[in-house]
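Student: I would like a close look at one part of this protein. Please take a single helix and its surroundings, and walk me through the contacts there.

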Amino acid sequence: MSPKAMALVLVLLAVSGAQADINPDDMAGVLWKFFMEVGSRPKEAAEGLQQAEITKQLNAMLESNLQSANAYAQELQQRLVPFATELQAQLAQDSQRLKEQIRQELAQLQAKLAPYADEVHQQIGTNIRQLQAKMSPYAEELRSRVDLGAGELQRALEPYSTELRQRLQDKAESVQASLSPYAERLQQQIDGGVQSLKQQLAPLADEMQAKVEQSVAELRRGLSPYAGQLQDRLDRQLDSLSAQMDKAAAELRSRLASSSEELRAQLSPLVQELQQVASSDAEELQKRLAPLAQQLDERVGQTLEAFRQQAAPFGEAFGQQLVQRLQEMQGKLDSGAAGVEDHLELLEKEVREKVAAFLSTAQ
């Protein structure tokens, strides 16, 4: 990406960040996704896609985040769309050059490290074992926190089931009048429980990422004596590895947050059913409320158990993904062959870092 092009996108992003509540990384993500979509299509299809698709994606983000007048959103969109389509072509050229550069550098690095193959293997093998040892307690802690949070929420909801069954003994009119406030309290308990769960899980992802960064730094120190004058080539490979691991950590955070929100979405229909029952006549109310009261505990339990089964293994999966990345790097150093992802990871990392750094200063 040319300095002129990067400067322009940073200025545009700075304007958006200063005048609207838009996450710079979200904007960079929209542009990057667009570039990848266009780049993966045949030239003729890509040319027809550019204007319409980037307009749609940017508009969707601007409309959901901008708090100012529509005129500002239109002005920003009018400036961003032509630039984004031009930038896509520039990015494709830079990507090709970076791909060839990485291929050459990796071949040179492989030749340099070949006499020290056993030592390099030992260093990476040691790093893999150390990383596994570091990740294992966090994976167990994540599983424990998922179980603990789900158990706390289940216990917090149990009194609501008991209360609902007791209400069946009251007169229909009394039950009907109290159902709406009851449903509101139940929804508040669900929301509070899910929020507490998210707060328990989120710090673990940050701690795991810190251990990963420490592991990459240790690997850098361990391999540096063998790189000699090709230290910059080794650094580029380790930067690519670090970018891949950062993305894995971001995906872990996203998966934990998404699973918690899915839990909320699966429990909330219980509240909606109660609200619907509250609007029924007396006879229909008793008929619909009785089975719901009996099923409430069971349905809550099934939902929370499904959440446990889904979220608890995330820590182990994260650790396995990191080990796979290290093994892939070892294979690259053995063969001198770069993967398709290498140049894309570095290119995306560079774009995101520059956007974030510039906007942080500008704001």
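Tutor: What follows is a tour of helix 5 and its surroundings, in a model that is predicted.

Start with the whole chain. It has ten helices and zero strands. From the N terminus on, the order of elements is therefore plain to read: α-α-α-α-α-α-α-α-α-α. Of the 363 residues, 44% are buried. The chain exposes about 18,100 Å², and carbon and sulfur atoms supply 48% of that area. Take the contacts with a separation of 6 or more: residues 24 or more positions apart account for 86% of them. Helix 5 gives several examples of contacts across the sequence.

Begin just ahead of the helix. Tyr116 sits in the loop between helix 4 (70–113) and helix 5 (117–167). Its partner is Tyr226, in helix 6 (residues 172–227). The structure holds two aromatic pairs, and the rings of Tyr116 and Tyr226 form a pair with centres 5.4 Å apart. Their planes meet at 40°. Stacked needs under 30 degrees and edge-to-face needs over 60, so this pair is tilted. The pair links distant parts of the chain, with the two positions 110 residues apart. The burial of the two rings' residues can be read from their accessibility. Tyr116 has 31% relative accessibility, so it counts as partly exposed. Tyr226 has 17%, so it counts as buried.

Stay with helix 6 for a moment. Ser224 also belongs to this helix. Its relative accessible area is 24%, so Ser224 is partly exposed. The side chain of Ser224 reaches back to the backbone oxygen of Arg220, at 2.6 Å. Beyond residues up to four places away in sequence, Ser224 touches Gln231 and Leu234. Gln231 falls within the range of helix 7 (residues 231–278). Ser224 and Asp235 are eleven residues apart in sequence, and their C-alpha atoms are 8.8 Å apart.

Now return to helix 5. His121 has a partner in Gln330: a polar contact of 3.2 Å joins the two side chains. Gln330 is found in helix 9 (residues 314–335). Its relative accessible area is 17%, under the 20% cut-off, so Gln330 is buried. Leaving out residues up to four places away in sequence, Gln330 touches His121 and Ile124.

Next comes Asn127, also in helix 5. Asn127 is buried, with a relative accessible area of 3%. What does it touch? Apart from neighbours within four places in sequence, Asn127 is in contact with Ser215, Glu218, Leu219 and Leu326. Among these, Leu326 lies within the residue range of helix 9, and Ser215 lies within that of helix 6.

Last, the packing against helix 7. Two packed helices are described by the angle between their axes and the distance between the axes. Helix 5 and helix 7 pack at about 10°, with axes 14 Å apart. An angle under 35 degrees counts as roughly parallel, so helix 5 and helix 7 are roughly parallel to each other. On the helix 5 side, the contact is made by Leu131, Leu142, Leu153, Leu157 and Leu164. On the helix 7 side, it is made by Met245, Leu256, Leu263, Leu267 and Leu274.

Conventions. Residues are numbered from 1 along each chain as its sequence is written. This is a predicted model: local features need pLDDT of at least 70, side-chain atom pairs count only at pLDDT 80 or more; totals for chains, interfaces and linings use all residues. Side-chain values use heavy atoms; hydrogens and water are left out. Helices (H or I, at least four residues) and strands (E, at least two) are DSSP runs, numbered from the N terminus. Buried means under 20% relative accessible area, exposed over 50%, partly exposed in between (1.4 Å probe, protein chains only). Contact means heavy atoms within 4.5 Å. Accessible areas come from the Shrake-Rupley method with a 1.4 Å probe; for residues, only the protein chains shown count as cover. Rings of Phe, Tyr and Trp (its six-membered ring) pair if their centres lie within 6.5 Å; planes under 30 degrees apart count as stacked, over 60 as edge-to-face and the rest as tilted. A polar contact is a pair of N or O atoms within 3.5 Å; within protein, one must be able to donate a hydrogen and the other to accept it, and residues adjacent in sequence count only if both atoms are side-chain atoms. Axes are lines fitted to C-alpha atoms, for helices over the stretch in contact, and angles run from 0 to 180 degrees between N-to-C directions. Angles under 35 degrees count as roughly parallel, over 145 as roughly antiparallel, 65 to 115 as roughly perpendicular and the rest as oblique.
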